[in-house]
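Student: I've got a model open here and I'd like to know what stands behind the labels people put on it. Can we go through some of them together?

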Amino acid sequence: MGKFSPNLSTLYQMSEEHVIIIGNGISGITLARHVRKLSSKRITVVSNESNHFFSRTALMYIYMGHMKFEHTKPYEDWFWDKNKIELVNGKVIAVNTNHKCVILENSDELKYDKLVIATGSKPNKFGWPGENLKGVQGLYHLQDLESLEKTAQNNEVCKRAVIIGGGLIGIELAEMLTSRNIPVTFLVRETSFWNHVLPLQESEMLNNHIANNNIDLRLGANLKEIKGGENGSVKSIVIKETDEEIPCNLVGLTAGVSPNVAFIESTDIETNKGVLVSRFLETNIPDVFAIGDCAELRNSKEGRSNIEAMWHTGRIMGETLAQTICGQKVEYEPGHWFNSAKFLKIEYQTYGWVSAVPIGTHQHFQWKNPNEDKCITLEYNKDTLEFIGINTFGIRMRHDIFDTWLTEKRDVNYVIHNLPKANFDPEFYQRYENDILAKYNKQLSTLNT
Ligand SMILES: Cc1cc2nc3c(=O)[nH]c(=O)nc-3n(C[C@H](O)[C@H](O)[C@H](O)COP(=O)(O)OP(=O)(O)OC[C@H]3O[C@@H](n4cnc5c(N)ncnc54)[C@H](O)[C@@H]3O)c2cc1C
């Protein structure tokens, strides 16, 4: 185990195994690049979405006019040829693990020595009446952006949109649509936005922020049905709790994602929600692996989910599996939990673990600014004072610093006193560390009296 330092001359003498990767997202592409760094194996990446890898997380900026599709491609188009990574634009419809081949929709068959399934996620649908009408869609693939461009080109074409599901993709879709002045109703099942993940202070701050951005936020509201008009397009939705009918031209389904694995369900590769893998990212079939959003760990590390549909996770899995495929078996090590997102104008980062409600010996320290657009929550163990994690809204913090503090098991006093070291806001931004420290000291003195 450990780091693999290949001797390139030996590697080039290795037999030219054919590695087929299904999916050209962050996990498949990271794997391909790293296998190429470590070996001269033949590498083929198959995808039915786009010819070249692009950043899915930047999809919103294309619709909002901040970027062109070209800008979302981290590598020039010649990169793949130069690095001898073959790209196939096609859909895999079946895998034959006995004959070690994948079958494409156009009937082409590709033989593999090693197969990696990196097919990502798909937006959830829950069997709602009308969920397949024209104008009902998720926001995941490039093709979703293309259909959005048609249905929600502007507020003449789309008089109102309704978004179902209050997660990170839902809020992005709301921001996208409001950037074109399309009125948005946002149906959120929870009683406060993302309150199953965020502490109440943060969740309530976001409720206000969403409403202040002219989004019609409906909390505690579930979808009953989507009604169609004459031409098979969506006409309205009905809210379950109140039977209220809301006319709309677009329904965005953003109630989470699930692994995109239907095409292997009739094979002998074991699946549950995702493709089941060991900590080495191996499936039950020799020479078949899975990584990224579509992989489900049989045994994840304590406190972590078996499926983590995150950019960062796909990247680490890709890097790890490259080493195993190139002869040095390495276990997937997820590292400390990290995530970042943007809720309209408020940036969010989380490092380590912050629960919505602290349990056992865990406790929260919270601070927010008077404008209520910046806040932090630190979670720590009140007995040992060990720092467990931090959520920050509106203040940028450095990933590497928190990673180190978590590894070093620093205590909460150390973290609070050293917050300026972690601040990553641009020069001349207002700083809040003194305020945070003052509140922390006040809280400590109250506890001690
Ligand atoms: C709008 C949006 C915003 C996001 N923002 C964030 C964020 O801020 N931070 C974060 O951590 N994560 C974010 N995510 C999640 C992140 O993008 C995913 O975790 C990541 O892209 C997963 O990478 P992947 O390589 O596993 O799969 P994917 O990126 O889904 O790539 C899989 C590829 O495989 C292709 N494919 C699937 N089936 C087949 C088949 N049968 N044949 C051929 N090709 C196939 C798919 O078309 C796709 O191109 C966001 C996702 C979306 C949709």
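Student: Which residues of H6 are buried?

Tutor: Keep in mind that this is a predicted model. In H6, the buried residues are Ile169, Gly170, Ile171, Glu172, Leu173, Ala174, Glu175, Met176 and Leu177. To be called buried, a residue needs 20 or more other C-beta atoms within 10 Å of its own, and each residue on that list passes.

Student: And why is H6 described as largely enclosed by the rest of the structure?

Tutor: Just count: nine of its eleven residues are buried, so the label fits.

Student: What do the buried residues of H6 pack against?

Tutor: Their partners are helix H3 (59-63), strand E10 (161-164), strand E11 (184-188), strand E16 (250-253) and E21.

Student: What makes Ser355 partly exposed?

Tutor: Buried takes 20 or more neighbours and exposed takes 12 or fewer. Ser355 has 15 C-beta neighbours inside 10 Å, so it lands in between and counts as partly exposed. You'll find Ser355 in the loop between E22 and E23.

Student: Which residues is Ser355 in contact with, leaving aside its neighbours within four places in sequence?

Tutor: His362 and Glu379. Contact here means C-beta atoms within 7 Å. As for His18, Ser355 is 337 residues from it in sequence, and their C-alpha atoms are 44 Å apart in space.

Student: How do you know that both faces of strand E7 are covered?

Tutor: Look at the two sides in turn. Lys114 and Val116 sit on one, Leu115 and Ile117 on the other, and all of them are buried. The general background is that side chains in a regular strand alternate between the two faces of the sheet.

Student: What makes E1 and E7 a pair?

Tutor: Two strands pair if there are at least two bridges between them. E1 (residues 18-22) and E7 are joined by four, and they run parallel. One spot to look at is Ile20, whose bridge partner in E7 is Leu115.

Student: How many bridges join E7 to E19?

Tutor: Three, again with the strands running parallel. Here Ile117 stands opposite Ala290 in E19.

Student: Why are E4 and E6 called edge strands?

Tutor: Start with the order, E4-E5-E6, in an open sheet of three strands with antiparallel pairing. Strand E4 (92-96) and strand E6 (109-111) each pair on one side only, and that is what the edge label says. Neighbouring strands of this sheet are turned by 20° against each other on average, direction ignored. E5 (residues 101-104) and E6 share three bridges, and Val102 stands opposite Leu110 in E6.

Student: What is the strand order in the open sheet of five strands?

Tutor: That one goes E21-E22-E25-E24-E23, with antiparallel pairing. Its edge strands are E21 and strand E23 (362-368). The twist averages 10° from one strand to the next. Inside it, E22 (residues 346-352) and E25 (residues 387-393) pair over five bridges, with Gly352 opposite Gly389 in E25. Helix H9 (residues 399-407) packs on this sheet, where it touches E21, E22 and E25, and its direction makes about 25° with that of E22.

Student: Which domains is the chain divided into?

Tutor: There are domain 1 (8-122 + 258-325), domain 2 (136-255) and domain 3 (338-448). The C-alpha centres of domain 2 and domain 3 lie 31 Å apart. Their contact takes 16 residues from domain 2 and 14 residues from domain 3. On the domain 2 side, H7 gives the most, with seven residues. By class, that side has eight nonpolar, six polar and two charged residues.

Student: How do you know that the ligand lies between domain 1 and domain 2?

Tutor: Both of those domains give residues to the shell around the ligand, so the ligand lies between them. The shell has 36 residues, and the closest are Gly23, Gly25, Glu49, Gly120 and Gly292. Elements that give two or more residues to it include helix H2 (26-38), strand E2 (42-47) and our old friend H6.

Student: How many of the shell residues are nonpolar, polar and charged?

Tutor: The split is 14 nonpolar, 17 polar and five charged. Glycine counts as polar in this scheme, so Gly23 and Gly25, listed among the closest, go in the polar group.

Notes. Residues numbered from 1 in each chain as written. Predicted model: local features only at pLDDT ≥ 70, side-chain atom pairs only at ≥ 80, totals over all residues. Near = placed C-beta within 6 Å. Domains from an automatic or database assignment. Axes fitted to C-alpha atoms, helices over the stretch in contact; angles between N-to-C directions. Contact = placed C-beta atoms within 7 Å.
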